[in-house]
Amino acid sequence: MEDYARALAEFVREHQAWAAPIVLVLAFGESLAFISLLIPAWGALVAIGALIGASGMSFWPVWIAGGIGAALGDWVSYWFGYRYKEHVAQMWPLSRYPEILPRGEAFVKKMGVPSIFIGRFFGPLRASVPLAAGIFEMPYWSFQLANWVSAFVWSAALLLFGDVIGQIAEWLWRTV
């Protein structure tokens, strides 16, 4: 995975015009229930964030793309859970990880709407919380409000974290 993130960041460094579309797709995949279990993309998002300050790339379009991608991924996961309910647990790859959905269910039932915001920031929950919210029919507009707000906060957090790491690395490189 580390090589994947590094190669993707290098591609973005050389082709900055592709930064926003790539971040949108990565954030979508990272937030989509089934895909995020197989390919965690947060490392690539942090690496791209490190390029923002170092390359002079504009933060705003990359941040907006990340927020939109993440919100759309959770939206699709919510819809999928709402549509397929209890059949979801028997579908691959969730059938290979039987503990994920019950964990998401317990979290959604305990925390309610804040579970959407909190779950976005914790890897194992990120994949299951929107799915569980759909399965257990969390009110649609409550879910969407928490989904969109948390998606933009999450996107900013990852990209800014990467930017700070990149600035520290650049400073260390100059002082050595």
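This report describes the fold, the annotated regions and several selected residues of one protein chain.

## Overall architecture

The structure is a predicted model. The protein chain contains nine helices and zero strands. Read from the N terminus, the order of elements is therefore α-α-α-α-α-α-α-α-α.

The C-alpha trace of the protein chain spans about 55 × 30 × 25 Å along its principal axes. For 176 residues, a compact globule would have a radius of gyration near 16 Å, and the 17 Å of the protein chain agrees with this. The fold also brings together parts that are distant in sequence: among contacts with a separation of 6 or more, 76% join residues 24 or more positions apart.

## Surface and charge

Of the 176 residues of the protein chain, 45% count as buried. The accessible surface amounts to about 9,200 Å², and carbon and sulfur atoms contribute 71% of that area.

The protein chain carries 11 positive and 12 negative side chains. The centres of these two sets are separated by 6 Å.

## Annotated regions

An unreviewed UniProt entry lists residues 21–54, 60–81, 117–136 and 148–173 under "transmembrane region". In the model, residues 60–81 are 100% helix and 0% strand, and the end C-alpha atoms of this span lie 32 Å apart. Residues 148–173 are likewise 100% helix and 0% strand, with 37 Å between their end C-alpha atoms.

The unreviewed UniProt entry also gives the annotation "domain: VTT" for residues 39–163. This span is 77% helix and 0% strand. Its end C-alpha atoms lie 22 Å apart.

## Helix 5: glycines and an aspartate

Helix 5 covers residues 59–84 and includes D74. G66 and G69 are also found in helix 5. G66 has a relative accessible area of 1% and is therefore buried, since the cut-off for this class is under 20%. G69 counts as buried at 0% relative accessibility.

Both glycines can be related to L26, a residue of helix 2 (residues 19–31). G66 and L26 are 40 residues apart in sequence, yet their C-alpha atoms are 7.7 Å apart in space. For G69 and L26, the sequence separation is 43 residues and the C-alpha distance is 7.4 Å. When residues up to four places away in sequence are not counted, G66 touches V23, A27 and S155. On the same basis, G69 touches L24, A27 and F28.

D74 has a relative accessible area of 2% and is buried. Leaving aside neighbours within four places in sequence, D74 is in contact with S31, R120, R126, P130, F143 and N147. The partners of this buried aspartate thus include two arginines, R120 and R126.

## Helix 1 and its link to helix 2

L8 lies in helix 1 (residues 2–14). Its relative accessible area is 18%, and L8 is buried because the class takes in values under 20%. Apart from residues up to four places away in sequence, L8 touches I22, L26 and A44. L26, the helix 2 residue, is itself buried, with a relative accessible area of 8%.

Other pairs of residues are separated in space as well as in sequence. L8 and P114 are 106 residues apart along the chain, and their C-alpha atoms are 33 Å apart. L26 and W173 are 147 residues apart along the chain, with 29 Å between their C-alpha atoms.

## A loop residue with positive phi

E137 is located in the loop between helix 8 (123–135) and helix 9 (140–175). Is this residue buried or partly exposed? With a relative accessible area of 46%, E137 is partly exposed.

The backbone of E137 also deserves attention. Its phi is near 55 degrees, a positive value in a residue other than glycine. Most residues other than glycine have a negative phi.

Methods. Residues numbered from 1 in each chain as written. Predicted model: local features only at pLDDT ≥ 70, side-chain atom pairs only at ≥ 80, totals over all residues. Heavy atoms only, no water. Helix = DSSP H or I, 4+ residues; strand = E, 2+ residues; numbered from the N terminus. Rg over C-alpha atoms; globule rule 2.2 N^0.38 Å. Buried < 20%, exposed > 50% of the residue type's maximum accessible area, 1.4 Å probe, protein only. Contact = heavy atoms within 4.5 Å. Areas by Shrake-Rupley, 256 points an atom, 1.4 Å probe, with all protein chains shown as cover. Lys, Arg positive; Asp, Glu negative; His and termini not counted. Charge placed at Lys NZ, Arg CZ, Asp CG, Glu CD. UniProt positions renumbered as here; feature names shortened; annotations may be inferred.
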